[in-house]
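The exercises below ask you to read a two-chain model step by step. Keep the sequence and the coordinates open while you work through each solution.

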Amino acid sequence: MFENIGEMILLFWRTLLALPLAWRQRQKIFDQFFEIGNASLLMVCMLSFFIGAVLALQTGPVLVERSLASAVGGIVGYAMAKEMAPVMMAILIAGRIGSAMAAEIGSMRVYQEIDALRTMNINPIHYLVLPRLVALAAALPMLVIFAILVGWFGGAVVAEANNQIAIPFQAFYSDLRQVVKLKDVANGVFKSFCFAIIIGVVSCHQGMMTIGGPRGIGRSVTKAVVNSIVAIVFFDYFLTRVLLNEQQ
Amino acid sequence: MNNNNNHHSGVSVEVRGLRKSFNSQEVLKGIDFEVKPGEIFVIMGPSGSGKSVLLKHLIGLEPPDGGEILINGESLQSEQTLEKYRLAMVFQSGALLNSLTVGENVGLYLVEHRLKPPAEIATIVSQKLRDVGLADAAEKTPAELSGGMKKRAAIARALVTEPQLILYDEPTSELDPLSAVVVGEEILKLKGRTGVTSVVVSHDRDLAFGIADRIAFISEGRIIAIGPSDEIKKSRNPVVQKFLRADIKLESPSKNV
């Protein structure tokens, strides 16, 4: 385990060192960015709409019953921006994109394509890891901004449509604006940036370490997704601690 | 692998006491041989004898546990040597990048190292594909090629680097006899055209005796015979003889009915 962590840190460091070459790889970065957005946008919309809706549904009736209707918008807005959107979207992306990255790089490793790159003096980190990591680090925060907005909308729809809550759209957003500051959204976006790097590094590392044919590729994909999710939840706690301290 | 070195002649390769183990299994047990510039040197032996591992050492994909490899007298373990000489390898599977077209695969080295303008790269790619008889395959994906075409595309990709040493890993495996002949002819033509040094790993006896200037026979991680084709054919080593005379003689059960 510690060997793996060391290798991942090394992979991240080497990718950081290669960042000045990102402009040369811009076409690959754009392709990856498009693929991530294209593959995930609809799912992000659906997921975040219903997360916002469920948050409103769970908290709304209880708060209205206790004459705290004005808190619904704030709770939904705050929870979406700071926690639910970054964490849930990161988990979604780990499943959809992290698995694809591990599978693609893993099959390239198994079928000697990475060795072929090395024989041509093409660094696999520059060619394969850098574009994926940069694209993911750019795409996930954007998807999270989108998810926050759609989640808020989902919460607002349920808050208005549900008879037990019955808070009008305008009142919901007015309450939300009073509680949620731009800094809260920025916190969520920053978290998602960190999660994107975690997903990219874990998935590319698993792909690069793949051995043993199709079964090995399957193992790498599973490990990439599971390890990414565990790392996201683990780092989420510490990031939250750090960001809360910053706010105080 | 050097981007600026433009002479085409082959390099010499010297392997001294090469050892390699994976976990507790010793795969290479002290390999010694020398390849002269421009020579076609075939490493022959049964499956699992360490041929492919040896080849990976010759291009720096595997670090040795012991011994050394010299290219024109300079250690391959030095980054400078890898930078100075252009080495290329044709993998057993071809190892073409499936996400690229055949043309993109062939031009990859030039594009990634930005050695030529795009128009010139396109011309070079067409030329190299024509050289290996794949003039119409530039826009195809590797998945659309047959095994023999993949091998020839991989040779074209290797040629783009204008190599001084080219390594072939089982170039005729999984090929029908006609495609195998075509690949063998490509290796010979390439030597004639560029004077490149070629190291070919194969257990294909016809290919080995057809193209080799010299053959090394490897068994259980050791070279047990080395010399020109005729010498190898006359070798009294029982392992070599058994390998060279092995023939499939199976009797159909129906014959006994």
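Two residues are in contact if their C-beta atoms, placed from the backbone, lie within 7 Å. This is a predicted model, in which local features need pLDDT of at least 70 and side-chain atom pairs count only at pLDDT 80 or more, whereas totals for chains, interfaces and linings use all residues. Residues are numbered from 1 along each chain as its sequence is written, and chains are lettered from A and ligands numbered from 1 in the order in which they are written.

**Exercise 1. Describe the contact between the chains.**

Step one is to count the residues: eleven come from chain A and 14 from chain B. Step two is to find the elements of chain B that give two or more residues to the side touching chain A, and these are β6 (87-90) and α3 (102-112). Here helices (H or I, at least four residues) and strands (E, at least two) are DSSP runs, numbered from the N terminus. Step three is to sort that side of chain B by class, which yields eleven nonpolar, two polar and one charged residues. In this scheme Ala, Val, Leu, Ile, Met, Phe, Trp, Tyr, Cys and Pro count as nonpolar, Asp, Glu, Lys and Arg as charged, and the others, Gly among them, as polar.

**Exercise 2. Judge how confident the predictor is.**

Begin with the scores for the model, which are ipTM 0.83 and pTM 0.85. Next take pLDDT, the predictor's confidence in each residue, from 0 to 100: chain B averages 86, and 93% of its residues score at least 70. Then go down to the elements of chain B, where confidence is highest in α3(B), at 94, and lowest in helix α2 (residues 79-84), at a mean of 81. Finally, look at residues 1-7 of chain B, over which pLDDT stays under 50 and for which the model has 14 contacts beyond four places in sequence.

**Exercise 3. Outline chain A, then place L243(A) in it.**

Chain A has eight helices and zero strands, and its C-alpha atoms fill a box of roughly 70 × 35 × 35 Å along the principal axes. Among contacts in chain A between residues at least 6 apart in sequence, 88% join residues at least 24 apart. A residue is buried if 20 or more other C-beta atoms lie within 10 Å of its own, exposed if 12 or fewer, and partly exposed in between, with C-beta atoms placed from the backbone; 45% of the 248 residues of chain A count as buried. L243(A) belongs to helix α8 (residues 213-247) of chain A. Because 17 other C-beta atoms lie within 10 Å, L243(A) is partly exposed. Its C-alpha atom is 9.7 Å from that of G188(A), although the two residues are 55 apart in sequence.

**Exercise 4. Is L58(B) buried or exposed, and which residues does L58(B) touch?**

First locate L58(B), which is found in helix α1 (residues 51-58) of chain B. L58(B) is buried, because 22 other C-beta atoms lie within 10 Å. Leaving out residues up to four places away in sequence, L58(B) touches V13(B), I69(B), L167(B) and V199(B).

**Exercise 5. Trace the pairing around β8(B).**

Strands pair if DSSP finds at least two bridges between them. Start with strand β3 (residues 40-44) of chain B, which runs parallel to β8(B) and is joined to β8(B) by five bridges; in this pairing I43(B) stands opposite V201(B). Turn next to strand β7 (residues 165-169) of chain B, which also pairs with β8(B) in the parallel sense over five bridges, with D169(B) opposite V201(B). From β7(B) the chain crosses through helix α6 (residues 177-194) of chain B to β8(B), and this β-α-β crossover is right-handed, a term that applies if, with the strands pointing away from the viewer, the path from the first strand over the helix to the second runs clockwise. Last, check both faces of β8(B): T197(B), V199(B) and V201(B) on one side and S198(B), V200(B) and S202(B) on the other are all buried.

**Exercise 6. Which strands stand at the edges of the open sheet in chain B?**

Write down the order first: the four strands run β2-β1-β4-β5, with antiparallel pairing. β2 (25-35) and β5 (74-75) of chain B each have a single partner strand, so they stand at the edges and one side of each is left without a neighbour in the sheet. To see how β5(B) is held, note that two bridges join this strand to β4 (residues 66-71) of chain B, where I71(B) has E74(B) as its bridge partner.
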